[in-house]
Amino acid sequence: MGTPFISLLEPTPLAWERALPPEEQPNAASIPRTFLDAMTVRSQVFVREQNIPQSNEYDADDPRCAHWVIYASVNQTVTPAVTDPSTGEVVRPRQSETRSVPIGTVRLVPFPHPHHPLDGGVYVDGELVGTADKNISPEDGDKTIDAEGAAATTKATFAPDRPTTFHDGVEPYVKLGRLAVISEFRGRGIARQLVHTAIDWMRTHPSYFDPSPAELGFEHLGMERSGTLPRWNGLICCHAQEDAVKVWEKCGFQVDEGMGRWLEEGIPHVGMFLRVQVQPEVKGV
Ligand SMILES: CC(C)(COP(=O)(O)OP(=O)(O)OC[C@H]1O[C@@H](n2cnc3c(N)ncnc32)[C@H](O)[C@@H]1OP(=O)(O)O)[C@@H](O)C(=O)NCCC(=O)NCCS
């Protein structure tokens, strides 16, 4: 494997057909290559390996996310060698070429987010459909369900959330997710490289996702006057599959015990946080 390189796709509209895999997208010509490659990796890992439905892999957050894809140069056989069956002698040698192939991806979801998942909640396609103890009807999933005295919503909102161990329920945070590395390339520091690249980018672009008063709309002008407009100050979250907790820990994240444990697509998840020091931005660079 040659030296991997990483490509960044900043938030962009995406004409994605949820039910179809990347290789069958009808609007592929208008979709950035980096996103097609991110979805190729995600389909391979989450859909084929972890049996998550293809249509649940893409979600409404994808167009507002920053995506990173890591590529490796691999030598691939284009035409196999031809041998003379009677002598076993190679008549034409194998022909190969070096190609860049996508081998890993991660995305960064800006704030606002839906409320923290319900402890014990059962989520399918981003919607709360039940709890480990009792079933809640799917129609209730996108509304509001009381949990430990706090409301949980699956829609992104600036409304205060329930406080957890590392989050006061109010501070804006960004969320890393959809971390995936193709199985043959695991155990070589690829995930670590992706996560650190995303963190470094966020640290050096701390105001990238801070909304202006105009974006927030008239009703938030009070926030501006009181100096409480959402501003990112270094807090990063992830919803980690339990089997991947160690990987996130190696990247500096800590499990948020107060957030609890829940199921996403049948896979147990926990919340984790990392706080980084933001770097002052150099304007015009
Ligand atoms: C989780 C995943 C992205 C890790 O990718 P990777 O490229 O193999 O990870 P890295 O090689 O960068 O490992 C980073 C660190 O975590 C450790 N690590 C990696 N996989 C681990 C595992 N399964 N259990 C414990 N530690 C692990 C590595 O040893 C390394 O530590 P080190 O730097 O001290 O040696 C990959 O296994 C994967 O795609 N899994 C399926 C999808 C998935 O679970 N995604 C996470 C969703 S939250």
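A polar contact is a pair of N or O atoms within 3.5 Å. Keep that cut-off in mind for the first stop on this tour of a predicted model.

**Stop 1: polar contacts of the ligand**

Select the ligand and the side chain of Q241. A polar side-chain atom of Q241 lies 3.2 Å from an oxygen atom of the ligand. Now add K250, where an N or O atom of the side chain is 3.0 Å from a ligand oxygen. Then add R186: here the distance between a side-chain N or O atom and an oxygen atom of the ligand is 3.5 Å. Next, show the surface of the ligand. Taken on its own, the ligand has 920 Å² of accessible area, and the protein covers 72% of it.

**Stop 2: the shell around the ligand**

Widen the selection to the 21 residues around the ligand. Which of them come nearest? They are L179, V181, G187, G189 and R192. Colour the shell by residue class, and eleven residues come out as nonpolar, five as polar and five as charged.

Switch to the cartoon view to see where these residues sit. At least two shell residues come from each of these elements: α1 (33–49), β10 (174–181), α3 (190–204), β11 (235–241) and α6 (245–250). Which element gives the most to the shell? Select α6, which supplies four residues.

**Stop 3: the second largest pocket**

Hide the ligand and select F158, G169, V170, E171 and P172. Of the 21 residues that line the second largest pocket, these lie nearest its centre. How much space lies in this pocket? The volume is about 380 Å³. Its lining is made up of twelve nonpolar, six polar and three charged residues. Rolling a probe the size of a water molecule over the atoms shows where empty space is left.

**Stop 4: strands β6, β13 and β14**

Select strand β6 (residues 121–124) together with strand β13 (residues 261–264). Do they run parallel or antiparallel? The two strands run parallel and are joined by two bridges. Zoom in on V122, which stands opposite L263 in β13.

Now add strand β14 (residues 267–275), which pairs with β13 in the antiparallel sense over four bridges. To follow one of the pairings, select R261 and look across to V270, its bridge partner in β14.

Finish at the turn. The hairpin of β13 and β14 has two residues between the strands. Select E265 in this hairpin and check its backbone: E265 takes a positive phi near 50°.

Methods: Residues are numbered from 1 along each chain as its sequence is written. This is a predicted model: local features need pLDDT of at least 70, side-chain atom pairs count only at pLDDT 80 or more; totals for chains, interfaces and linings use all residues. Side-chain values use heavy atoms; hydrogens and water are left out. A residue is near a molecule or strand if one of its heavy atoms lies within 4 Å of it. A polar contact is a pair of N or O atoms within 3.5 Å; within protein, one must be able to donate a hydrogen and the other to accept it, and residues adjacent in sequence count only if both atoms are side-chain atoms. Accessible areas come from the Shrake-Rupley method with a 1.4 Å probe; for residues, only the protein chains shown count as cover. Ala, Val, Leu, Ile, Met, Phe, Trp, Tyr, Cys and Pro count as nonpolar, Asp, Glu, Lys and Arg as charged, and the others, Gly among them, as polar. On a 1 Å grid over the protein atoms alone, a cavity is a set of points where a 1.4 Å probe fits but cannot get out, and a pocket is an open set with protein on both sides within 12 Å along at least five of seven lines; lining residues have an atom within 4 Å of a point. Grid points are joined across faces, edges and corners, and a volume is the space filled by probe spheres set on the points. Two strands pair if DSSP finds at least two bridges between them.
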